[in-house]
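The following exercises concern burial, contacts and charge pairing in a single model. Please work through each task before reading its solution.

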Amino acid sequence: TAKGTEYNATGSLHGFSVGPYATWYKESPNKSGSYVDVWALWNRFDGTTNGEGIASESYRLQGLVLSAEVGYDQLLSKKASQNGSNRFLKWQGQITYQGVDGGNKVESNGTVVDLSNTNVQTRLGVRYYSKPNTDKASYNQPYVELNWYHNTNPTETQLDETKVSLQGTSNIGEIKIGTEYKVNKSTQLWGYGFYAKG
């Protein structure tokens, strides 16, 4: 609903993403070590908007999202007991190219909407987690994580000469609390909650 008016619009978006990923680990006997994680996604989305008193508009977004992440698990304390837990800090750095856009869309009323909004996002983070000192197939691994995101381009849309931007997206701080539960060698569950502010 547009602020200051009674006009409202609805929109829908559907599509798919597909791509490969790869992870390399270098783990020492004390379970600390480094890793590299890369992935690529090809995305295609079809969208529709319906506004009051104007014609329905359709558009398409497509493009690549590429990510590279490096990290290191630092052992803080190790328990000799099989019932104890080892504590780690996981240092993380990630860069993501977000290249999904739709170029220019000319609406039926002649308005030119710029749907190109590529971005490079960086993330620096650290995770504190506890991992049981056991070789059992099933265990729980709780964690707390802090992240700082930086986006090189603002999230915005341009209609003819008018720009509408989402404020607070240049730098974003995040705190995340969650857990990873390994059910067995082939099944893992995870969940988390987070708060982010720009």
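**Exercise 1.** Determine whether Leu 76 is buried, partly exposed or exposed, and identify the surface patch that includes Leu 76.

*Solution.* Step 1: Leu 76 is found in strand E4, residues 57–77; helices (H or I, at least four residues) and strands (E, at least two) are DSSP runs, numbered from the N terminus. The model is a predicted one, in which local features need pLDDT of at least 70 and side-chain atom pairs count only at pLDDT 80 or more, whereas totals for chains, interfaces and linings use all residues. Residues are numbered from 1 along each chain as its sequence is written, and side-chain values use heavy atoms, with hydrogens and water left out.

Step 2: The relative accessibility of Leu 76 is 42%, so this residue counts as partly exposed. The classes are buried (under 20% relative accessible area), exposed (over 50%) and partly exposed (in between), with a 1.4 Å probe and protein chains only.

Step 3: Leu 76 joins Tyr 128, Val 144, Leu 146, Ile 175, Ile 177 and Tyr 195 in a nonpolar surface patch, whose accessible area together is about 640 Å². Patches are made of residues with over 30% relative accessible area and no salt bridge; like charges are joined within 9 Å, nonpolar side chains (Val, Leu, Ile, Met, Phe, Trp, Tyr) within 5 Å. Areas come from the Shrake-Rupley method with a 1.4 Å probe, and for residues only the protein chains shown count as cover. At least two residues of the patch come from each of strand E9 (139–151) and E12.

**Exercise 2.** Describe the surroundings of Asn 43 and of Thr 169.

*Solution.* Step 1: Asn 43 belongs to strand E3, residues 33–51. Its relative accessible area is 5%, so Asn 43 is buried.

Step 2: The side chains of Asn 43 and Ser 17 make a polar contact at 2.5 Å. This term denotes a pair of N or O atoms within 3.5 Å; within protein, one must be able to donate a hydrogen and the other to accept it, and residues adjacent in sequence count only if both atoms are side-chain atoms. Beyond its neighbours within four places in sequence, the contacts of Asn 43 include Phe 16, Leu 61, Val 65 and Val 100, where contact means heavy atoms within 4.5 Å.

Step 3: Thr 169 sits in the loop between strand E11 (162–166) and strand E12 (171–184). With 12% relative accessibility, Thr 169 counts as buried. Residues up to four places away in sequence aside, Thr 169 touches Asn 151, Pro 154 and Thr 155.

**Exercise 3.** Which residues does the salt-bridge network containing Glu 145 join?

*Solution.* Step 1: The whole structure holds 8 salt bridges, each defined as a side-chain nitrogen of Lys or Arg within 4 Å of a carboxyl oxygen of Asp or Glu.

Step 2: Glu 145 forms one with Arg 123, the closest N and O atoms being 4.0 Å apart. This pair links strand E9, which holds Glu 145, with strand E8 (residues 119–132), which holds Arg 123, 22 residues apart. Both partners are buried: Glu 145 at 3% relative accessibility and Arg 123 at 7%.

Step 3: Glu 145 also meets Arg 127 in a salt bridge of 2.7 Å, N to O. Arg 127 is in strand E8, 18 residues from Glu 145. Salt bridges with shared partners join Glu 69, Arg 123, Arg 127, Glu 145 and Glu 180 into one network.
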